[in-house]
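Q: I'm new to this one, so could you take me through the part around the ligand, slowly and in plain words?

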Amino acid sequence: MAAKSQSNDPKTKSPGSVTFSKAATQGQWGRAWEVDWFSLASVIFLLLFAPFIVYYFIMACDQYSCSLTAPLADIATGRARLSDIWAKTPPVTTKAAQIYVAWVTFQVLLYMLLPDICHKFLPGYVGGVQEGAMTPAGIVHKYEINGLQAWLITHLLWFVNSYLLACFSPTVIFDNWIPLLWCANILGYAVSTFAMIKGYFFPTDARDCKFTGSFFYNYMMGIEFNPRIGKWFDFKLFFNGRPGIIAWTLINLSFAAKQRELYGHVTNSMVLVNVLQAIYVLDFFWNETWYLKTIDICHDHFGWYLGWGDCVWLPYLYTLQQPSEAGASIYRRGNQGRAQGQLGLYLVYHPVQLPTRYSLGVLLLGLLGYYIFRMANHQKDLFRRTDGRCLIWGRKPKVIECSFTSADEQKHRSKLLVSGFWGVARHFNYTGDLMGSLAYCLACGGGHLLPYFYIIYMAILLTHRCLRDEHRCANKYGRDWERYTAAVPYRLLPGIF
Ligand code: NDP
């Protein structure tokens with residue numbers, strides 16, 4: 001078994017202590033082999049509480065009009081018991097199960113059966129069969145990049161079936177929001193458990209499996225690096241992109257439709273959030289080939305963190321801004337909203353119609369953040385694709401030559417970019433992402449904490465990711481990485497962090 005064949009390999013060290021570990025010279029720059037108590041405690045905390053956090057947010061919107069404190073206050077003062085809150089929570093329904101199974105099956109079919117044709121007629125778009133980055137075991141996987149095509153077909157069918165043929169209502173996602181949550185959880189747990197069993201008994205490539213000795217850590221962070229079924233069904237690419245990110249824009253559209261149905265019009269804040277997030281989602285699919293070179297695909301193993309996270313956390317918490325908006329409309333419409341079904345007791349929020357100047361400011365912030373995010377990612381991608389033979393901000397880029405060793409003892413050469421946004425800060429792409437995330441939240445006005453969950457979460461996620469990535473890069477590149485951190489001393493904000 002892979003665990004045995006790899007059990008004598010060197011261990012990576014804690015972030016603080018690593019500069020030139022044995023790991024760095026032997027290609028052990030992937031995920032940690034041993035788990036310190038803090039990581040283990042964090043993993044157990046997340047396994048226990050992340051599903052509860054999602055439930056709490058969605059329940060607070062459904063039963064307490066998006067107030068995060070009201071449920072606690074009710075319980076503390078005895079006005080409600082946990083069992084009362086649970087009893088009011090809509091259960092899974094046959095309809096929701098049918099919708100969810102149809103949705104996931106449809107996405108699997110689009111992913112597996114429709115080779116990309118978009119790259120044949122869209123100038124500048126890179127799709128079709130593409131190679132990923134080299135894994136720690138020295139393997140380069142091939143991927144069928146057809147996400148943009150799947151996104152376009154899905155959205156086209158959504159409009160045709162809901163607006164032209166009236167096969168279903170465009171509010172269908174909103175109307176089944178909590179029953180669908182249970183379905184998403186079932187898939188999220190099923191796929192994570194399957195990935196764990198597969199990692200132990202029939203891994204796609206045993207050389208790229210990692211076992212830490214901790215069941216919880218293995219379950220959460222994954223064992224297999226690139227689990228696949230057959231040659232093409234790649235778990236990481238499918239679950240992140242398809243049930244997760246394609247769903248994102250459909251959910252937003254469904255919330256906007258609900259607001260229109262209940263309130264008669266769609267507020268400018270709802271339009272702003274829809275537009276800004278649609279740009280982000282479309283950017284993801286337009287650049288799906290680039291995504292193969294990001295940390296999710298290049299470094300993270302596939303466990304509960306990605307499996308459950310893509311099925312539940314992403315679609316339910318990344319779209320929190322809109323329920324407040326849609327729910328606000330329900331509140332305004334009072335009993336008419338109740339007639340819509342189980343979400344009738346939803347929200348006591350007012351729809352936000354932003355002053356024009358404010359909304360323009362938010363739009364500009366969102367677009368600027370997106371520009372930095374995209375250009376920084378583009379600069380690195382261009383630099384790596386051309387092996388440094390390109391222009392960054394009109395000049396030949398400054399480069400740090402570096403080397404690393406893969407697990408098969410092969411030595412490889414690489415380059416670190418020190419120009420453009422990568423010379424401003426070591427993760428300025430995250431800074432742009434955070435500016436965009438802040439814009440989504442500001443679009444909801446300042447009246448409530450709940451829509452700001454997204455920026456708080458993204459700030460924690462990307463700061464942690466930045467530290468995690470730098471730990472890995474220090475292991476991978478050793479002294480060369482030190483030269484880069486000396487040349488570009490700040491991570492996210494020059495002069496501050
Ligand atoms: P990056 O795209 O920043 O990739 C980091 C990797 O790039 C490093 O591991 C290293 O890999 C390489 N690298 C680091 N510095 C340099 C340099 N100076 N020159 C060349 N290569 C370098 O990280 P992510 O994959 O995390 O992020 C990609 C994008 O996705 C980001 O913009 C981020 O904001 C976004 N994102 C969004 C999330 C969301 O939920 N909305 C979640 C996570 C990310 P190597 O081993 O190849 O050298």
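**A close look around the ligand**

A: Let's begin right at the ligand, bearing in mind that this is a predicted model. A backbone N or O atom of Ile295 sits 2.6 Å from one of the ligand's oxygen atoms. Then there's Lys380: an N or O atom in its side chain is 2.7 Å from an oxygen atom of the ligand. His427 joins in as well, with a polar side-chain atom 3.5 Å from a ligand oxygen. How much of the ligand does the protein cover? On its own the ligand has 910 Å² of accessible area, and the protein covers 92% of that.

Now step back to the shell of residues. There are 27 residues around the ligand, and the ones that come nearest are Ile295, Tyr430, Arg465, Asp469 and Tyr477. By type, the shell splits into 14 nonpolar, eight charged and five polar residues. Which elements give two or more residues to it? Those are helix H19 (356-385), strand S6 (411-417), H21 and helix H22 (453-477). H22 gives the most, with eight residues.

H21 deserves a look of its own. This helix takes in residues 428-442, which makes 15 residues, and from first C-alpha to last it reaches 21 Å, close to the 21 Å expected at 1.5 Å a residue. Is H21 mostly covered or mostly open? Mostly covered: 13 of its 15 residues are buried. Take Met435, which lies in H21. Its relative accessible area is 19%, so Met435 counts as buried, the cut-off being under 20%. Met435 and Gly369 are 66 residues apart in sequence, yet their C-alpha atoms are just 4.7 Å apart in space.

Next up is S6, another contributor to the shell. S6 pairs with S5 in the antiparallel sense, over seven bridges. Within that pairing, Cys402 stands opposite Ser414 in S6. The two strands form a hairpin with five residues between them, and Glu409 in the turn has a positive phi of about 75°. S5 itself covers residues 399-405, and five of those seven residues are buried, so this strand is largely enclosed by the rest of the structure. As a general picture to keep in mind, side chains in a regular strand alternate between the two faces of the sheet.

On the way into S5 you pass Trp393, in the loop between H19 and S5. Trp393 has a phi near 50°, a positive value in a residue other than glycine. Is Trp393 buried or exposed? At 53% relative accessibility, Trp393 counts as exposed. For a contrast from another loop, try Ser65, between helix H3 (37-64) and helix H4 (70-76). Ser65 also has a positive phi, near 55°, but at 7% relative accessibility Ser65 counts as buried.

So, to pull the ligand's surroundings together: Ile295, Lys380 and His427 each have an atom close to a ligand oxygen, at 2.6 Å, 2.7 Å and 3.5 Å. Around them is the shell, with H22 giving the most residues, and H21, one of the other contributors, is mostly covered.

Conventions:
Residues are numbered from 1 along each chain as its sequence is written. This is a predicted model: local features need pLDDT of at least 70, side-chain atom pairs count only at pLDDT 80 or more; totals for chains, interfaces and linings use all residues. Side-chain values use heavy atoms; hydrogens and water are left out. Helices (H or I, at least four residues) and strands (E, at least two) are DSSP runs, numbered from the N terminus. The expected span of a helix is 1.5 Å times one less than its number of residues. Buried means under 20% relative accessible area, exposed over 50%, partly exposed in between (1.4 Å probe, protein chains only). A residue is near a molecule or strand if one of its heavy atoms lies within 4 Å of it. A polar contact is a pair of N or O atoms within 3.5 Å; within protein, one must be able to donate a hydrogen and the other to accept it, and residues adjacent in sequence count only if both atoms are side-chain atoms. Accessible areas come from the Shrake-Rupley method with a 1.4 Å probe; for residues, only the protein chains shown count as cover. Ala, Val, Leu, Ile, Met, Phe, Trp, Tyr, Cys and Pro count as nonpolar, Asp, Glu, Lys and Arg as charged, and the others, Gly among them, as polar. Two strands pair if DSSP finds at least two bridges between them.
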